[in-house]
Amino acid sequence: MTDQIRVDSLSKTYVLHTQGGIEIPVFADAALSVASGECVTLHGPSGAGKSTLLRCLYGNCKPDSGAIHVSHGEGTVDIASAPPRVVMEVRRRTLGYVSQFLRAIPRVPALDVVAEPLRALGVPVETAQARAGELLARLRIPERLWSLAPATFSGGEQQRVNIARGFAARHPILLLDEPTASLDARNRAVVIELIAEAKAAGTALVGVFHDDEVREAVSTRVHTMQG
Amino acid sequence: MTSAPGYNFAYLDEQTKRMIRRAILKAVAIPGYQVPFGSREMPLPYGWGTGGIQVTAAVIGPEDRLKVIDQGADDTTNAVSIRRFFARTAGVATTERTAAATVIQTRHRIPETPLSEGQILVYQVPIPEPLRWLEPRETETRKMHALADYGAMHVKLYEDIARFGRIATTYDYPVLVNGRYLMRPSPIPKFDNPKMNMNPALQLFGAGREKRIYAVPPYTPVKSLDFEDHPFEIQSWDQACALCGGTDSFLDEVVTDDRGGRIYVCSDTHHCATRRDAVQEAAE
Amino acid sequence: MNPLLTVSGLTRMYGNRVGCRDVSFELWPGGVMGIVGESGSGKSTLLSCLSARLEPTAGRVLYDTREDGPVDIYAMGEPRRRMLMRTDWGIVHQNPRDGLRMGVSAGANVGERLMAVGARHYGEIRAQADDWLRKVEIDGERIDDLPLTFSGGMLQRLQIARNLVTHPRLVFMDEPTGGLDVSVQARLLDLLRRLVTDLGLAAIIVTHDLAVARLLAHRLMVMRRGEVVETGLTDQVLDDPHHPYTQLLVSSVLQP
Ligand SMILES: Nc1ncnc2c1ncn2[C@@H]1O[C@H](COP(=O)(O)OP(=O)(O)O)[C@@H](O)[C@H]1O
Ligand SMILES: Nc1ncnc2c1ncn2[C@@H]1O[C@H](COP(=O)(O)OP(=O)(O)O)[C@@H](O)[C@H]1O
Ligand SMILES: [Mg+2]
Ligand SMILES: [Mg+2]
């Protein structure tokens, strides 16, 4: 099986110039490989750098050195050095990401927030909305909320919209940062199901899960981070 | 005839006339293009046709016969004083007959009688720049002319149609000369616009205050701006001229009493009189 | 495919004061570039140089023309540059009064660019103006009203319609939401975001508001004292700023 993600000697230190140039080393020489159909969970104490690593994989965080090879279409792209335009294209077609918090776009209805990654792939609006509705329904977002912008939703509702959005386009790679943090047991079960389906479909997943039950349910491999 | 002593022929000195003639030659060579010239002080206030008078002074010769009209009439104060001015300073013959004139200076009309080769029509122009309403900066309008960048000119016509359902501009209606330069024909009624097109006479335009001369040489295409679905049209009247019965000339409304009575009469007084004479002759 | 805009070593001096210095980047079709930085950092100067309105002191701006591929916008003739500015490009000024004709109707404002490129059918011009007014959420009833009677948000939307009616490929915007109330801003931003996405427009947006940049721009350039100090994907620059100045900028707002 070929790796969908291969991280080579990745290092990241935050430098806080506004606070006298304090340096916060997060990780050095990190390595990680993820194959399709796998769900690798990042495990370690708070502050170990799990979110930072996921964000590096998504191109949201710029490492100091090292490479992040992601298979994209026919080839591979090094997210750590690719120009913004390429990273955007990788995100559109290859990389899905469920962040810890939904960054709501003003005035855009929940249904469109979820359908948007599909629309960006050129999927017709009806098809995209049908898939979006299906996911929102599974995650128990009442249909009367679909046409509203999520800005006014509760934290749990927003997080479920965020999860639906992440799963909508069935990207070959999916990154999950504590997606179940504010969910109840029934919704957690839905997320576990969604992850299982994605694995079965060959998606390569990397996730951070705060509760052991979910981690154990979805994890094919645990990647421990010490911080 | 001889000119009054103390003046140079046609009032202007020879050097000034040569300068104006050079401007005219350039204007003729570039139909519709506004040529700057060093406008002189004239013994008449601006607005009385100082631009037209300087052009006339530069082109008129002792053998010429001059006609001067003001909104079609030969007998207004303005027309009379200009005619007298040249009779005095150049000693030229004057006439009211369009066909007999070699030089016609006009304010705001083109005679109804068709002009012929060899005649010169001199227009008095208050504001020469057609783009002025759109763009107050001279540097910018010059550039727009240089680049034939005229599309925005239709904005004005668009506004007319949006507001009135038709192009409501009736005077000083913009034209494109020789397919190249946008030109203000001076405040003639749009009724006269078609007469400019392919006219056998030489048409010269003088703006005194703004110091510009431009020209439409004989047989030059002159097109009035319009839209495909709102083509250019001239004014028309339900009535005939109350004096000569003519139906094909530009009519002025004349209030006849203080009870709202009004009649329509030809604005071209010479044309109207000639027709009346012809009708009378036929009747006799 | 070529970059739409290739900028190299672009410098503009005002005497010996720096307007912007040594700016280089590429903009690709459909790309949205945000330029952020504090007041006086050279954003407007750069935008003017990029949009053929201010000749640079040094450097080049190549635009990928439809006919001949990349052409230096300052080396091409004035007629061509003008044509480009009213067909392929749009310029949205911070103050809509600078980009509109306040003395003519909304419809004429939108129709002007069509007429400028040769449209001569009143009915069609009007129909397109009407269509664009609707697209920017202005009631078609107002087509014959003078902009003088419009609110600030409507004026800005009218300016946008006026620019987009010729289907430009590249739009330059200088603080498009600058003078507007917060609620009006949100609506305009939403509209801009949708139009830019739906039409696949490339855009360069100058703003000092990082939230606006986050919402509209794919990429950011951070300027300080006329120079670009940091560039990258918008979310990366805002979430993981590297340059001290960018960190200061980001930390001085609550949540961009
Ligand atoms: N944007 C940031 N700027 C500065 N320091 C950060 C930033 N994000 C995270 N950190 C620091 O980096 C370390 C790793 O954080 P993080 O990746 O969030 O860990 P985890 O997700 O494992 O809790 C922590 O010390 C955290 O304070
Ligand atoms: N026309 C001008 N003449 C002289 N200096 C100018 C002019 N325009 C801008 N500047 C200077 O250039 C620098 C950048 O200005 P500007 O591009 O307007 O910045 P910003 O748009 O980021 O506020 C500032 O120092 C400003 O004072
Ligand atoms: Mg974390
Ligand atoms: Mg500025």
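# Cavity, pocket and helix packing in a three-chain model

A search of the whole structure finds one cavity of 30 Å³ or more, where a cavity is a set of points on a 1 Å grid over the protein atoms alone at which a 1.4 Å probe fits but cannot get out. The structure is a predicted model, in which local features need pLDDT of at least 70 and side-chain atom pairs count only at pLDDT 80 or more, while totals for chains, interfaces and linings use all residues. Residues are numbered from 1 along each chain as its sequence is written, chains are lettered from A and ligands numbered from 1 in the order in which they are written, and side-chain values use heavy atoms, with hydrogens and water left out.

## Empty space

The largest cavity holds about 50 Å³ of space, a volume being the space filled by probe spheres set on the grid points, which are joined across faces, edges and corners. Its lining, made of residues with an atom within 4 Å of a point, consists of C:V92, C:I160, C:N163, C:L164, C:V171, C:M173, C:L192, C:L195, C:V196 and C:L201. Two or more of these residues come from each of α6 (152-164), β7 (170-174) and α7 (182-199) of chain C, where helices (H or I, at least four residues) and strands (E, at least two) are DSSP runs numbered from the N terminus.

A pocket, by contrast, is an open set of points with protein on both sides within 12 Å along at least five of seven lines. The second largest pocket has a volume of about 1200 Å³, and of the 29 residues that line this pocket, the closest to its centre are B:R137, B:E140, C:M85, C:R86 and C:R162. Elements giving two or more residues to its lining are α4 (138-146) of chain B and, from chain C, α2 (78-87), β6 (89-92), α3 (96-99), α4 (106-116) and α6. The largest share, five residues, is provided by α2(C).

The table sets out residue classes, with Ala, Val, Leu, Ile, Met, Phe, Trp, Tyr, Cys and Pro counted as nonpolar, Asp, Glu, Lys and Arg as charged, and the others, Gly among them, as polar.

| Site | Nonpolar | Polar | Charged |
|---|---|---|---|
| Lining of the largest cavity | nine residues | one residue | no residues |
| Lining of the second largest pocket | eight residues | six residues | 15 residues |
| Contact of α3(A) with α4(A) | nine residues | two residues | three residues |
| Contact of α1(B) with α2(B) | six residues | one residue | two residues |

## Chains and helices

Of the two pairs of chains that touch, chains B and C have the most contacts, contact meaning heavy atoms within 4.5 Å. Chain A and chain B are joined by no contact, and their closest C-alpha atoms lie 35 Å apart.

In chain A, helix α3 (residues 110-120) and helix α4 (residues 125-138) pack at an angle of about 125°, with their axes 8 Å apart; axes are lines fitted to C-alpha atoms, for helices over the stretch in contact, and angles run from 0 to 180 degrees between N-to-C directions. The two helices are therefore oblique to each other, since angles under 35 degrees count as roughly parallel, over 145 as roughly antiparallel, 65 to 115 as roughly perpendicular and the rest as oblique. Residues making this contact include A:L111 and A:L118 of α3(A) and A:V125 and A:L136 of α4(A).

In chain B, helix α1 (residues 14-29) and helix α2 (residues 50-59) pack at an angle of about 100°, with their axes 9 Å apart, which makes α1(B) roughly perpendicular to α2(B). Here B:K17, B:I20, B:R21 and B:I24 in α1(B) meet B:Q54, B:V55, B:A57, B:A58 and B:V59 in α2(B).
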